[in-house]
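I sat down with this model to see how its strands and helices are put together. My notes follow, in the order I looked things up.

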Amino acid sequence: MSAQGLSTNNLSVFYGEKQAVKKVSMDFEERSVTALIGPSGCGKSTFLRSLNRMNDLISGARIEGEVWIGDKNICDPHTDVVRLRQRIGMVWQKPNPFHKSIYENIAFGPRYHGVKGRKQLDEIVETCLRKTALWDEVKDRLSQSGLALSGGQQQRLCIARSLAVQPNILLMDEPASALDPVSTAKIEELISELKKDYTIVIVTHNMQQAARVSDRTAFFFLGDLIEYDDTQKMFTNPSKKSTDDYISGRFG
Ligand SMILES: Nc1ncnc2c1ncn2[C@@H]1O[C@H](COP(=O)(O)OP(=O)(O)OP(=O)(O)O)[C@@H](O)[C@H]1O
């Protein structure tokens, strides 16, 4: 595995007595998109959140097993969680810009991590807005509130905010499910563009979206990883009957 590679080994997540994720071992391909699919409640979001220790914030949640980034097991209690979340960004289902200007939404993270110069911050803001195809839409109103943007623009702003602290990995939990079809298409285009530079893991309920944007797909059911393969294979010739049943809409 390379210095940045992401993988899990026998990863289990519990909420109290309930086991939501059951000994899942996965290697994520770098600079590609992995989709996590499966019926509601099968543990996709729980698994995703454990990849950057977001489950730490949920009382009663407990992890067993390992999550590796390069040669570091991030489940180690000595892990610097702030630094970890800088390397592994998270984008949520509902766009959640800060109650700040468009500029400050992006400058906040780098400033927190020590970038002070205005010129450098200006550059980061422009680069991140260009990467998310927002620059032309907002360059003349950077001091306006991020909340004044449309839902789709807000979500792209949130993605730009994640990029500003230079992560290697982006986790996305149904990033387009709250958006209209045009905004969804823009987010999907953006994901395809971003995978040239980032390793992306996305939870989606939308089978067409998984088929369109991902290179690899993992099917979860009741906390188990049932099948994990190239997306094309998963959607045309899955190995397990339950994968086939789910993908073809026979349950879930
Ligand atoms: N904070 C929590 N406390 C207790 N149980 C939880 C918590 N979050 C999730 N669970 C339970 O863990 C299981 C997995 O939930 P999770 O949200 O990870 O599934 P999911 O596949 O992402 O579902 P969905 O597609 O509906 O978002 C479910 O049984 C759920 O009820």
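First, my yardstick for cover: a residue is buried if 20 or more other C-beta atoms lie within 10 Å of its own, exposed if 12 or fewer, and partly exposed in between, with C-beta atoms placed from the backbone. Helices (H or I, at least four residues) and strands (E, at least two) are DSSP runs, numbered from the N terminus.

**Ground rules.** This is a predicted model, where local features need pLDDT of at least 70 and side-chain atom pairs count only at pLDDT 80 or more, while totals for chains, interfaces and linings use all residues. Residues are numbered from 1 along each chain as its sequence is written.

**Entry 1: the record.** I checked UniProt, where an unreviewed entry places "domain: ABC transporter" at residues 6-247. UniProt positions are in the numbering used here, feature names are shortened, and annotations may be inferred rather than shown by experiment. Over residues 6-247 I get 37% helix and 26% strand, with the end C-alpha atoms 26 Å apart.

**Entry 2: strand β7.** I went to β7 and found 5 of its 5 residues buried. Ile169, Leu171 and Asp173 sit on one side, Leu170 and Met172 on the other, and both faces are covered. Next I looked up its partners, counting two strands as paired if DSSP finds at least two bridges between them. Strand β6 (residues 88-91) runs parallel to β7 over 4 bridges, and Val91 has Met172 as its bridge partner there. Strand β8 (residues 199-203) is also parallel to β7, over 5 bridges, with Leu171 matched to Val201.

The connection β7, α7, β8 is a right-handed β-α-β unit. Right-handed here is judged with the strands pointing away from the viewer: the path from the first strand over the helix to the second runs clockwise.

**Entry 3: the sheet around β7.** What is the strand order of the open sheet with 6 strands? I read β6-β7-β8-β3-β9-β10, with mixed pairing. β6 and β10 (224-230) are at the edges with a single partner strand each, so one side of each has no neighbour in the sheet. Neighbouring strands are turned by 15° against each other on average, direction ignored. Axes are lines fitted to C-alpha atoms, for helices over the stretch in contact, and angles run from 0 to 180 degrees between N-to-C directions.

Strand β3 (residues 33-37) joins β8 in parallel through 4 bridges. Thr34 stands opposite Val201 in β8, and Val201 is the partner of Leu171 too.

**Entry 4: the other sheet.** I found an open sheet of 4 strands, antiparallel, in the order β2-β1-β4-β5. Its edge strands are β2 (18-28) and β5 (72-73), each pairing on one side only. Strand β1 (residues 6-15) and β2 are antiparallel over 7 bridges, and Phe14 has Gln19 as its bridge partner.

**Entry 5: core and helices.** A nonpolar core is a set of buried Ala, Val, Leu, Ile, Met, Phe, Trp, Tyr and Cys residues joined through C-beta atoms within 7 Å. The largest one has 62 residues, and Leu36, Ala160, Ile200 and Ile202 have the most contacts inside it. Helix α6 (residues 151-163) gives the largest share of this core, 5 residues. I also noted that α6 lies across β6 and β7, at about 170° to β6.

Two residues are in contact if their C-beta atoms, placed from the backbone, lie within 7 Å. Leaving out residues up to four places away in sequence, Ala160 touches Ile106, Cys128, Leu129, Lys131, Thr132 and Leu134.

In helix α3 (residues 102-112), the buried set includes Ile102, Asn105 and Ile106. The buried residues of α3 pack against α4 (118-131), α5 (135-138) and α6. Val125, in helix α4, is buried with 23 other C-beta atoms within 10 Å. Beyond neighbours within four places in sequence, Val125 contacts Tyr103, Ile106 and Ala107.

**Entry 6: odd backbone angles.** Which loop holds Glu174? Glu174 is between β7 (169-173) and α7 (181-194), and has a positive phi of about 45° although it is not a glycine. With 20 C-beta neighbours inside 10 Å, Glu174 counts as buried. Arg53 has phi near 60°, again positive in a non-glycine. Arg53 is in the loop between α1 (44-50) and β4 (61-69), and is partly exposed, with 17 other C-beta atoms within 10 Å. Gly114, just after α3, has a positive phi of about 110°.
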